[in-house]
Amino acid sequence: MAVEPLFQRLCLIGAGLIGGSIARRNQETRALAGEVVVTARSAATRDRVRELGFADRVVDSAAEAVRGADAVILCVPVGAYAAVMREIAPHLAPGTILSDVGSTKGSVIRDLTPLLPPGVHLVPAHPMAGTEYSGPDAGFATLFDGRYCIVTPTEATDPAALEKVREFWRRCGSTVEAMDPVTHDKVVAIVSHLPHLIAFTICGTADDLSEETRESVLKFAASGFRDFTRIAASDVAMWRDVFLNNREAVLEMLARFTEDAQAFGRAIRWGQEEFIVDRIQRGRKIRSGLIERKQA
């Protein structure tokens, strides 16, 4: 049985993996919005969205895109939020819900709150879903199925707007959890940002090897290295902004990881079998827990 769309007009600023997947979800279900308006910074991206046809309307500027929208979601790298907000703020109507999909939340609140017009409701959110692919061709309607979306309301967040955003992500297929922004940024630093930092670093180390050794690495890469290269293929602009905008939490988790890695290295050096076995068993336990929660 069809449900009434949650919003009349939803504006998506950015049309990559996340924005494109939201639009495709609505195209399939018509449960999110009566109309989805999309814009993107580059003309080539906008033209590609028109070719793919997953948006009801594609416009050339963010200011034009938000006019008449009762919900706006920022789907661009978090480093671009302040500039985008300066462009759209004069055109946001009172009552509009403004949300986002960025994987840092402290910086989002820092950059958006001072520019928020009266009566516009900010509800930061982070869908914990993705692939290594980016751009308008990368999205698909089931991306969020069975995945978590974390909302990080502030003390000023309107309760009715918060519930609408929660329902939005439920209709996308997600399980929704609430978290304060500081805790969110620490959690994602360990489960997402640090693994990406390690993947980028390992691939950089491999690339710095002598040419003969590097070619052998690529030729005989086992599944472990291949998994790192999948993560390392992620969008450059997005991850640059993530590291720069979640600096404190990433550095804290990196320091803890570095201490643990050095301890593991000492155990290998001194033949501490019990320590090594314990670390391997703990890794298996974490993996089992993810499988049980259907997050693997």
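## Strand 1 and its partners

In this predicted model, Leu 12 has Val 38 as its bridge partner in strand 2, and the two strands concerned, strand 1 and strand 2, run parallel and are joined by six bridges. Between them the chain passes through helix 1, and the β-α-β crossover that leads from strand 1 to strand 2 in this way is right-handed. Strand 1 is mostly covered, since five of its seven residues count as buried.

Strand 1, which spans residues 7-13, is also joined to strand 4, residues 71-74, by four bridges, again with the strands running parallel. Within this pairing Ile 73 of strand 4 is the bridge partner of Leu 12, while Cys 11 stands opposite Val 72. Leu 12 therefore has a bridge partner in strand 2 as well as in strand 4, where a pair of strands is counted once DSSP finds at least two bridges between them.

## The six-stranded sheet

The pairings of strand 1 belong to an open sheet of six strands, arranged in the order 3-2-1-4-5-6 and paired in the parallel sense. Strand 3 (57-58) and strand 6 (121-123) are the edge strands, each of them pairing on one side only. Helix 1, made up of residues 17-29, packs on the sheet and touches strand 1, strand 2 (33-39) and strand 4, with a direction that makes about 155 degrees with that of strand 1.

## Strands 7, 8 and 9

Further along the chain, strand 7 (residues 125-127) pairs with strand 8 (residues 148-151) over three bridges, and this pairing is antiparallel. Cys 149 in strand 8 is the bridge partner of Pro 127, and Cys 149 also stands opposite Val 176 in strand 9.

Strand 8 and strand 9 (residues 175-178) run parallel and are joined by four bridges. The chain leaves strand 8, passes through helix 6 (residues 159-171) and arrives at strand 9, and this β-α-β crossover is right-handed.

## Enclosed and open space

How many cavities of 30 Å³ or more does the model contain? The count comes to one, and the space in this largest cavity is about 60 Å³. Its lining consists of Phe 7, Leu 10, Ala 71, Val 72, Ile 73, Ile 97, Ser 99, Val 165, Phe 168 and Trp 169. The elements that each contribute two or more residues to the lining are strand 1, strand 4, strand 5 (97-100) and helix 6. Val 72 and Ile 73 thus appear in the cavity lining and also in the bridges to strand 1, where Val 72 faces Cys 11 and Ile 73 is the partner of Leu 12.

Among the pockets, the second largest has a volume of about 260 Å³. Fourteen residues, given as 14 in the count, line this pocket, and those that lie nearest its centre are Asp 185, Asn 245, Asn 246, Glu 248 and Ala 249. Two or more lining residues come from each of helix 5 (106-112), helix 7 (181-207), helix 10 (236-245) and helix 11 (247-269).

## Surroundings of Glu 87

Glu 87 is found in helix 4, which covers residues 81-88. Is Glu 87 buried, exposed or partly exposed? Glu 87 is partly exposed, because its relative accessible area is 36%, a value that falls between the limits of under 20% for buried and over 50% for exposed.

Apart from neighbours within four places in sequence, Glu 87 is in contact with Ser 61, Ala 62 and Ala 63. The C-alpha atom of Arg 67, a residue 20 places away along the chain, is separated from that of Glu 87 by 12 Å.

Technical notes
Residues are numbered from 1 along each chain as its sequence is written. This is a predicted model: local features need pLDDT of at least 70, side-chain atom pairs count only at pLDDT 80 or more; totals for chains, interfaces and linings use all residues. Side-chain values use heavy atoms; hydrogens and water are left out. Contact means heavy atoms within 4.5 Å. Axes are lines fitted to C-alpha atoms, for helices over the stretch in contact, and angles run from 0 to 180 degrees between N-to-C directions. A crossover is right-handed if, with the strands pointing away from the viewer, the path from the first strand over the helix to the second runs clockwise. Buried means under 20% relative accessible area, exposed over 50%, partly exposed in between (1.4 Å probe, protein chains only). On a 1 Å grid over the protein atoms alone, a cavity is a set of points where a 1.4 Å probe fits but cannot get out, and a pocket is an open set with protein on both sides within 12 Å along at least five of seven lines; lining residues have an atom within 4 Å of a point. Grid points are joined across faces, edges and corners, and a volume is the space filled by probe spheres set on the points.
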